[in-house]
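Got the viewer open and the cartoon loaded? Let's take a short walk through it, one selection at a time.

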Amino acid sequence: MVLELWMQAALGGLLGLLVGSFLNVVVHRLPRMMEQQWNAECAQWAQEQSGAVPPSAAATDPAEAPLSLSRPRSRCPHCGHAIHWYENIPVLSYLALRGRCSECKASISIRYPLVELACAALFAYCTMQWGITPTGAAWCLFSAALLSLALIDWDTTLLPDDITLPLLWAGLLSSALHWTAVPLADAVWGAAAGYLSLWLVYWAFKLVTGKEGMGYGDFKLFAALGAWFGWQALVPIILLSSVIGAIVGIALKINSRLREGGYVPFGPFLAGAGFAAMVFGPQQMLQSLLAAIGL
């Protein structure tokens, strides 16, 4: 039985390495794909307003060619070297190349293998906890989506609808199919309360200060977490994410490492609290948090 659990965890971890490699592509390209789409829509609107003739496809700058998750092939950002399949094996290729491009010897960010290892660890945990079952697959999907959202938000302060909305619906469907322990009514109320609670905070803050304290993506991510864990988990999740976010924000300010505008994206801390809820359970997480602050 123990051996079977470890075999399942090993298979889950191997799949996680492969998915983690793909997540690196998603994290890098999806924000750029969104930017391309926005630029195209703005250009089309400007042309419609001015009555100008849109440029032909031949006149389009090759650098602005449509980007997707599969095309063009991955390349070194420094020299443009096309990455061969054997240079794209999760973790192993990074170690074999010693963290450098095979062509120009420019340094490759260590975040790539770390993301692969993090995804592998999450998948291994899910398959060990729930086995190779629909429930285990659902939580693997949850982990991959949450990890990519945390990284994208940290890099760009964006939480793409292409991930948050499917994550929300996946939580509701998993509840309806009994792949999670959350009753469907609790999942629905969790999604609704998660969205509305941060929406109200957003407008209260904006009315008082005239500034936007968070983005709409945070509402959707919190709604997705409510769908996966139920409305009862919302308080523990928001408390933990707020406490950790405040600590990190203060540390960054002390070290003068806050980005321009003095803001810290909230999505990564919501994601971190979501992972804590998955591993420890919302109630255990709340008890530990209250004990830590002396309540």
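Which helices are included in what covers the buried residues of H6? Keep in mind that this is a predicted model, then select residues 184-209, which make up helix H6. Its cover includes helix H5 (161-176), helix H7 (216-229), helix H8 (234-254) and helix H9 (267-280). The residues being covered are Asp 186, Ala 187, Gly 190, Ala 191, Gly 194, Leu 198 and Tyr 202, so show those as sticks.

Now check the length of H6. At 1.5 Å a residue, its 26 residues should span 38 Å, and the end C-alpha atoms are indeed 38 Å apart. Step just past H6 to Gly 210, where phi is positive, at about 75°.

Next, the rings. There are 14 aromatic pairs to hunt for. Begin with Trp 139 and Trp 228, a tilted pair with 4.9 Å from centre to centre and 50° between the planes. Trp 139 sits in helix H4 (residues 134-156) and Trp 228 in helix H7, so this pair ties together parts 89 residues apart in sequence. Trp 139 counts as buried at 6% relative accessibility, and Trp 228 is buried too, at 1%.

Then go back to H6 and pick Tyr 195 along with Phe 219: this pair is edge-to-face, 5.5 Å centre to centre with 85° between the planes. It links H6 to H7 across 24 residues. Tyr 195 is partly exposed at 26% relative accessible area, whereas Phe 219 is buried at 0%.

Last stop: select Tyr 125, Trp 130, Trp 139, Phe 142, Trp 228, Phe 229 and Phe 275 together, and you have one aromatic cluster.

Methods. Residues numbered from 1 in each chain as written. Predicted model: local features only at pLDDT ≥ 70, side-chain atom pairs only at ≥ 80, totals over all residues. Heavy atoms only, no water. Helix = DSSP H or I, 4+ residues; strand = E, 2+ residues; numbered from the N terminus. Expected span 1.5 Å × (residues − 1). Buried < 20%, exposed > 50% of the residue type's maximum accessible area, 1.4 Å probe, protein only. Contact = heavy atoms within 4.5 Å. Phe/Tyr/Trp six-rings, centres within 6.5 Å; stacked < 30°, edge-to-face > 60°.
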